[in-house]
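Me: I am new to this structure and would like a careful, unhurried look at one part of it. Please take me through it step by step, and explain each term as it comes up.

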Amino acid sequence: MVKFEATIKKFDKQGEKTGWTYIDIPATIANTLKPNNKKSFRVKGLLDSCPINALAILPMGEGNFILALNNDIRKALKKRKNEKLLVQLEEDKKGYILNEDFVCCLNEEPSALAFFNTLTNGHQNYFSKWIDSAKTIETKIKRIAQTINALQNKLDYGSMIRKQTSENKLLKGL
């Protein structure tokens, strides 16, 4: 496990990363975590006293990486941009495990499964994490159904969410 101090940063304009809150992981540290690797990989550990697991660090060029800090992590840390953070990381070889109920339903829909299998692991995980974030069983069931439907229509996660947002706006306008 590597330990270091990092400063919380936020992208102003950086393509798809615009507005992201993150920490830098210098090449020397990334190389200690996973030697000679230039691709995204998952880590686990502690950010201050907040445990994390199965989070991807993303390459930023020249061996440097970033770790995005989503809203849940930022709330748990109670820290903002420019504040210091004690970071303890190691490679998470276990990785992310897809929602079991989602996988069961997906296996019953061959066309949805076929499209799902064309997606990268990270893009597959978006669907499962969205399902896992449901606060009620009813919402979880609804999200599984929406995901299966989207996959049958060959929609990736972003396309599915944009379509749902567009449809919700139309319904509110009626």
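Is Lys 154 buried or exposed, and what is its relative accessible area? After that, please look closely at strand β5: which strand does it pair with over 6 bridges?

Reply: The model is a predicted one, in which local features need pLDDT of at least 70, side-chain atom pairs count only at pLDDT 80 or more, and totals for chains, interfaces and linings use all residues. Residues are numbered from 1 along each chain as its sequence is written, and side-chain values use heavy atoms, leaving out hydrogens and water.

Lys 154 is exposed, with a relative accessible area of 56%, where exposed means over 50%, buried under 20% and partly exposed in between, computed with a 1.4 Å probe on protein chains only. Lys 154 sits in the loop between α6 (137–152) and α7 (157–173), and although this residue is not a glycine, it has a positive phi of about 60°.

Before turning to β5, it helps to have the whole chain in view. The protein chain has 7 helices and 7 strands, these being DSSP runs numbered from the N terminus (helices are H or I with at least four residues, strands are E with at least two). Along the sequence they follow the pattern β-β-β-α-β-β-β-α-β-α-α-α-α-α. The C-alpha trace spans about 50 × 35 × 30 Å along its principal axes, and of the 174 residues in the chain, 35% are buried.

The 7 strands form an open sheet with antiparallel pairing, in the order β1-β7-β4-β5-β6-β3-β2; two strands count as paired if DSSP finds at least two bridges between them. In that order, β5 stands between β4 and β6, whereas the edge strands, β1 (2–7) and β2 (9–10), each pair on one side only. Strand β5 covers residues 50–61 and is joined by 6 bridges to β4, which covers residues 41–47 and runs antiparallel to β5. Within this part of the sheet, Arg 42 stands opposite Ala 56 in β5.

Following the sheet onward from β4 leads to β7, since the order places β7 beside it as well as β5 on its other side. Here 5 bridges join β4 to β7, again in the antiparallel sense, and Lys 44 stands opposite Glu 90 in β7. Strand β7 in turn pairs with β1 over 6 bridges, also antiparallel, and there the bridge partner of Ala 6 is Leu 85 in β7. The start of the chain belongs to this region too: Met 1, in the segment before β1, lies 5.4 Å from Leu 89, C-alpha to C-alpha, although the two are 88 residues apart in sequence. Met 1 is nevertheless exposed, with a relative accessible area of 55%.

Returning to β5, one residue has an unusual backbone angle to look at: Ala 54 lies in strand β5 and has a positive phi of about 55°, although it is not a glycine. At 6% relative accessibility, Ala 54 counts as buried, in contrast to Lys 154, which is exposed.

Strand β5 also contributes to the largest nonpolar core, a set of buried Ala, Val, Leu, Ile, Met, Phe, Trp, Tyr and Cys residues joined through side-chain atoms within 4.5 Å. Of the 24 residues in this core, Ile 23, Ile 25, Leu 47, Leu 67 and Leu 89 touch the most other members. Two or more residues come from each of β1, β3 (21–25), α1 (27–33), β4, β5, β6, α2 and β7 (84–91), and β5 gives the most, with 4 residues. In soluble globular proteins, nonpolar side chains tend to be buried together.

Finally, β5 takes part in the largest pocket, an open set of points on a 1 Å grid over the protein atoms alone, where a 1.4 Å probe fits and protein lies on both sides within 12 Å along at least five of seven lines. Its lining, meaning residues with an atom within 4 Å of a point, consists of 43 residues, of which Arg 42, Leu 55, Ala 56, Tyr 126 and Lys 129 lie nearest the centre. Arg 42 and Ala 56, which stand opposite each other across β4 and β5, are thus met again here. At least two lining residues come from each of β4, β5, β6 (64–68), α2 (71–77) and α5 (121–132).
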